[in-house]
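User: I am new to this structure and would like to go through it step by step. Please reason each answer out before giving the value or name.

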Amino acid sequence: FNEIIKMTIGEFNSLTVQQQKDELFKCCGCLAWVDNLSEKIPFDSIEKLKIESDGIWFSLNEKDWLEAFTNHPKIGDIKSLEKKFASTKLWASGEQLGVNIATQNVLKELKEMNDEYEKKFGYIFIVCATGKSAEEMLSMLKSRLKNSSEEEIKIASQEQNKITHLRIDKLFS
């Protein structure tokens, strides 16, 4: 399960339903999304899969989005990456590469701001971290702390959707 197996859309379509669901769950840790999307299999293309994914994702409710958020490590939390998120560790650590070269001060502030964010909104800070430095993520975190709960859940769900797209690409690349 820790291993990342890349496949074609045809190979994905020919997996058992449970295997398909397991692969989809690596892309987005929301059971309603996985169940709804798996009902649309087979897919002609990765693009079709993403279009269906988007339609389903944005039709879900806040409870479903929050479930997906719980399947991410906090930005910069290497220990939780290793333990709780073993099945997506390689993907998540690659997504969070910018944190690996951050200074201790930036990491400390990221942790403090993450805690403040979680206290305010009730879930971890969700950001599509790929290609972003720790400083950029810290700046985004500070900026998003100013949002209302209603604004922030929408932004977080859009960030989750970006992450899902990246992981779908990783599954099939």
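Analyst: One definition is needed at the outset: a residue counts as buried under 20% relative accessible area, as exposed over 50%, and as partly exposed in between. The model discussed here is predicted.

User: Is K48 buried, exposed or partly exposed?

Analyst: The relative accessible area of K48 is 45%. Because buried means under 20% and exposed means over 50%, this value falls in the class between the two. K48 is therefore partly exposed.

User: With which residue does K48 form a salt bridge, and how exposed is that partner?

Analyst: Side chains of opposite charge can pair when their charged atoms come close. For K48 the partner is D44, with the closest N and O atoms 3.9 Å apart, and a salt bridge requires these atoms to lie within 4 Å. The partner, D44, is exposed, with a relative accessible area of 65%.

User: Which kinds of element make up the protein, and how many of each are there?

Analyst: From the N terminus on, every element in the run is written as α. The count for the protein is eleven helices and zero strands.

User: What percentage of the residues counts as buried?

Analyst: The protein exposes about 9,000 Å², of which carbon and sulfur atoms supply 54%. Counted by residue, with buried meaning under 20% relative accessible area, the buried share of the 173 residues is 43%.

User: Where does S53 lie, and what is its relative accessible area?

Analyst: S53 lies in helix α4, which covers residues 46–57. Leaving aside residues up to four places away in sequence, S53 touches W33, L37, N161, T164 and I168. S53 is buried, and its relative accessible area is 0%.

User: What span should α4 have, and how far apart are its end C-alpha atoms?

Analyst: The expected span is 1.5 Å times one less than the number of residues, and α4 has twelve residues, so that it should span 16 Å. The end C-alpha atoms of α4 agree with this expectation, being apart by 16 Å.

User: Which residues of α4 are buried, and what arc do they cover around the axis?

Analyst: The buried residues of α4 are L49, K50, S53, I56 and W57. Because they cover such a limited arc, they are on the same side of α4. An α-helix has 3.6 residues a turn, so residues three or four places apart point the same way. The arc covered by the buried residues of α4 is only 130°.

User: Against which helices do the buried residues of α4 pack?

Analyst: Packing is judged here by contact, which means heavy atoms within 4.5 Å. By that criterion, the buried residues of α4 pack against α1 (9–13), α3 (31–38), α5 (62–69) and α11 (149–172).

User: How are the planes of Y117 and F121 arranged: stacked, tilted or edge-to-face?

Analyst: A search of the whole structure finds seven aromatic pairs. The rings of Y117 and F121 have their centres 4.7 Å apart and their planes at 55°. Planes under 30 degrees apart count as stacked and those over 60 as edge-to-face, so the pair of Y117 and F121 is tilted.

User: What separates Y117 from F121 along helix α9, and are they buried or exposed?

Analyst: Y117 and F121 are four residues apart in helix α9 (residues 104–121), and are therefore separated by about one helical turn. As for their surroundings, both Y117 and F121 are buried.

User: What kind of aromatic pair do Y117 and Y123 form?

Analyst: Y117 has a relative accessible area of 0%, and Y123 is buried at 7%. Their ring centres are 5.8 Å apart, with 80° between the planes. Because an angle over 60 degrees puts a pair in that class, Y117 and Y123 are edge-to-face.

User: How many residues apart are K21 and D35, which meet in a salt bridge?

Analyst: The side chains of K21 and D35 meet at 3.1 Å, N to O. K21 lies in helix α2 (residues 17–27) and D35 in helix α3, so that the pair links distant parts of the chain, 14 residues apart.

Conventions. Residues are numbered from 1 along each chain as its sequence is written. This is a predicted model: local features need pLDDT of at least 70, side-chain atom pairs count only at pLDDT 80 or more; totals for chains, interfaces and linings use all residues. Side-chain values use heavy atoms; hydrogens and water are left out. Helices (H or I, at least four residues) and strands (E, at least two) are DSSP runs, numbered from the N terminus. Buried means under 20% relative accessible area, exposed over 50%, partly exposed in between (1.4 Å probe, protein chains only). The arc is that of the directions from the helix axis to the C-beta atoms. Rings of Phe, Tyr and Trp (its six-membered ring) pair if their centres lie within 6.5 Å; planes under 30 degrees apart count as stacked, over 60 as edge-to-face and the rest as tilted. Accessible areas come from the Shrake-Rupley method with a 1.4 Å probe; for residues, only the protein chains shown count as cover.
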